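This report is an introduction for someone who has not seen the structure before. Please look over the sequence and the model before reading on.

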Amino acid sequence: MEYTAKLKDYLMKEGADLVGVTDVQSLSELKTIPENLFSPFTHAISIAMQLPRAVFDFIVDQPTPLYSSTYQNVNRLLDEVAYKAVKKLQSDGYVSLPIPASQILDHEEWYGNVSHKAVARIAGLGWQGKNLLLITPEYGSRVRLVTILTSAPLSVDSPVANRCGKCMKCSEACPAGAIKGLSTKDYYKSRNEALDFGKCVSKLTEEFQHLPNVSGLICGICIKVCPWGSKLG
Ligand code: SF4
Ligand code: SF4
């Protein structure tokens, strides 16, 4: 088995549900913190871990403590898988770095080191939905993501075509009226092309973040209603 296939097999055994690979040249348009984040590396590995489907059954019109806790646990598991994989890659001779699954560095624009969603889209895990989230054919957007940067010479994956079609479920369900419902063939050139991002952020920061036993900037509603997330169950 070639090295990429062996690595993917290892990651799936460690708990990943989806794994995709891209080269860093394909990520050159992405904003990074720091600006030279990609410079020691040749490839990026995107890992998705599914959120349990049942946690969304209890979300009606706001995030729940169950969702909040599950969200944090899956982020922690992703960080663990990425960390272990980096140790393995390093011992195989490749400079590698795990990017934290959920760490905001720019609190005005809500960016971390790099957008895990954008890396995942380019690495072929799914497409960018009308809600701006990564939609995977297998789990919809009921996933959390992490990225590993590496110098390992891996085989890259192909992008997935947008399959939102005429669906408007996320736009209709958004409690902030933030999702514009516009289609894109490949991806939105800016957040505001798809979303009134300020309306979404206000809903999360001014309302949902203050709910009892809910921490972090979470909502879950446009994730729950997406048919790609519920089609298997
Ligand atoms: S996260 Fe919530 S508020 Fe933001 S776009 Fe989705 S449904 Fe709307
Ligand atoms: S709910 Fe429909 S429009 Fe929104 S992301 Fe999912 S498939 Fe696309």
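The text below covers the nonpolar cores, the ligand surroundings and the salt bridges of this predicted model.

**Nonpolar cores**

The largest nonpolar core has 45 residues, and those that touch the most other members are Leu11, Ile45, Ile47, Phe56, Tyr67, Leu78 and Ile148. At least two residues of this core come from each of H1, S1, strand S2 (43-50), H2, S6 and helix H7 (221-225). H2 gives the most, with nine residues.

Tyrosine 67 can be followed further. Leaving aside neighbours within four places in sequence, tyrosine 67 is in contact with Leu51, Val55, Phe56, Ile59, Ile218, Cys219, Gly220 and Ile223. Apart from the largest core lies another one of 13 residues, including Leu30, Ile99, Val114 and Val119.

**Ligand 1**

Which residues surround ligand 1? They are Cys174, Pro175, Ile179, Cys200, Cys219, Ile221 and Cys222. By class, this shell has seven nonpolar residues, with no polar and no charged ones. Cys219, listed in the shell of ligand 1, is also among the contacts of tyrosine 67.

**Salt bridges**

The structure holds eight salt bridges. The table gives some of them, with the distance between the closest N and O atoms.

| Acidic residue | Basic residue | Closest N and O atoms |
|---|---|---|
| Aspartate 157 | Lysine 8 | 2.9 Å |
| Glutamate 14 | Lysine 84 | 3.2 Å |
| Aspartate 92 | Lysine 88 | 3.5 Å |

Aspartate 157 and lysine 8 form a salt bridge that links distant parts of the chain, 149 residues apart. Aspartate 157 is in the loop between strand S6 (143-150) and helix H4 (169-173), while lysine 8 is in helix H1 (residues 3-13). Aspartate 157 has 27% relative accessibility and so counts as partly exposed. Lysine 8, at 21%, also counts as partly exposed.

Glutamate 14 pairs with lysine 84 in a salt bridge. Why does this pair tie together parts that are 70 residues apart in sequence? Because glutamate 14 lies in the loop between H1 and strand S1 (18-23), whereas lysine 84 lies in helix H2 (residues 65-91). Glutamate 14 is partly exposed at 29% relative accessibility, and lysine 84 is partly exposed with a relative accessible area of 43%.

In the salt bridge of aspartate 92 with lysine 88, aspartate 92 has a relative accessible area of 32% and is partly exposed. Lysine 88 is partly exposed too, with a relative accessible area of 27%.

Methods: Residues numbered from 1 in each chain as written. Chains lettered and ligands numbered in written order. Predicted model: local features only at pLDDT ≥ 70, side-chain atom pairs only at ≥ 80, totals over all residues. Heavy atoms only, no water. Near = heavy atom within 4 Å. Nonpolar A, V, L, I, M, F, W, Y, C, P; charged D, E, K, R; others polar. Salt bridge = Lys/Arg side-chain N within 4 Å of Asp/Glu carboxyl O. Helix = DSSP H or I, 4+ residues; strand = E, 2+ residues; numbered from the N terminus. Buried < 20%, exposed > 50% of the residue type's maximum accessible area, 1.4 Å probe, protein only. Core = buried A, V, L, I, M, F, W, Y, C linked by side-chain atoms within 4.5 Å. Contact = heavy atoms within 4.5 Å.
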